[in-house]
Amino acid sequence: MVIAVSAVLISAASFVAAYVQSEAALRQVKAETWPFLQLDHGNTNETGQERGIYFRLVNAGVGPARVKKFQLFYDDKEVRDLQQIIYDCCVSEDVERAAFWQQLVNSGLNIVTDEVPPIVPDDSYVQLFTFPYNFAWTEETVWPDVWKKYDKIRSKITASVCYCSLLDECYQSNLKDDPIEVKACYPEGSREPS
């Protein structure tokens, strides 16, 4: 009887030890594949020599992020791109937008805009857009202060993202606070995961 009870206790102890070890291994794998997305912006380049407003989606985590849904907002209103933000922040409603944009382009404006790819590798970033300062404004330019206006409002540009790790652990984030773990990422207007 003592041998039988001892065998059961040893088996139970072995089971508990194996379970604890597997849980620890799982936590370690999760920690080694955890993506952490952030929104980074500024008004100078990496060297600090050249002025230019930039926005980047940065993966500061240790694993790739599978981006399922990404949205930009200006003053809590969803926006499509840099052009819309420039119009909303810096151009009066009576200005003809196509002519305004053409004038910016003719002045030498060069805007880099990347789409958010489906996967953002760890320790990397996606350049969402760049608005350089050193374009050639002329005396005839009606809007020489667009860059300065845009620089003042860039803190009002926010984002929302839902992304998953390689282990299908999904997170919803406003890219300022800690992400919230969610069961899945849902496209707008749907109850099904994307």
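This report describes the disulfides and one helix of a predicted model.

**Disulfides**

The structure contains three disulfides. Counting the bonded cysteines along the protein chain, their pairing follows the pattern 1-2, 3-6, 4-5. The table lists the sulfur separation of each pair and the torsion about its S-S bond.

| Disulfide | S to S distance | S-S torsion | Handedness |
|---|---|---|---|
| Cys89 and Cys90 | 2.0 Å | -65° | left-handed |
| Cys162 and Cys185 | 2.0 Å | about -85° | left-handed |
| Cys164 and Cys170 | 2.1 Å | 95° | right-handed |

The link of Cys89 and Cys90 is left-handed, with a torsion of -65°. Cys89 has a relative accessible area of 18%, and it counts as buried because the cut-off is under 20%. Its partner Cys90 is also buried, at 4% relative accessibility.

A disulfide also joins Cys162 to Cys185. The torsion about this S-S bond is about -85°, so the disulfide of Cys162 and Cys185 is left-handed. Cys162 belongs to strand β8 (residues 157-164), whereas Cys185 lies in the segment after β10 (180-182); the pair therefore ties together parts that are 23 residues apart in sequence. Cys162 is buried, with a relative accessible area of 3%, and Cys185 is buried as well, with a value of 2%.

Cys164 and Cys170 are joined by a disulfide with an S to S distance of 2.1 Å. With 95° about the S-S bond, the link of Cys164 and Cys170 is right-handed. Cys164 is buried at 3% relative accessibility, and Cys170 is buried with a relative accessible area of 5%.

**Helix α3**

Helix α3 spans residues 97-106, and its buried residues are Phe100, Trp101 and Leu104. Viewed down the axis of α3, these buried residues fall within an arc of 95°, so they line one face of the helix. On the other side of α3, Ala98 and Asn106 are exposed.

**Summary**

In the predicted model, the three disulfides follow the pattern 1-2, 3-6, 4-5 along the protein chain. The links of Cys89 with Cys90 and of Cys162 with Cys185 are left-handed, while that of Cys164 with Cys170 is right-handed. In helix α3, Phe100, Trp101 and Leu104 are the buried residues, with exposed Ala98 and Asn106 on the other side.

Definitions and conventions
Residues are numbered from 1 along each chain as its sequence is written. This is a predicted model: local features need pLDDT of at least 70, side-chain atom pairs count only at pLDDT 80 or more; totals for chains, interfaces and linings use all residues. Side-chain values use heavy atoms; hydrogens and water are left out. A disulfide is a pair of cysteine sulfur atoms within 2.5 Å. Buried means under 20% relative accessible area, exposed over 50%, partly exposed in between (1.4 Å probe, protein chains only). Helices (H or I, at least four residues) and strands (E, at least two) are DSSP runs, numbered from the N terminus. The arc is that of the directions from the helix axis to the C-beta atoms.
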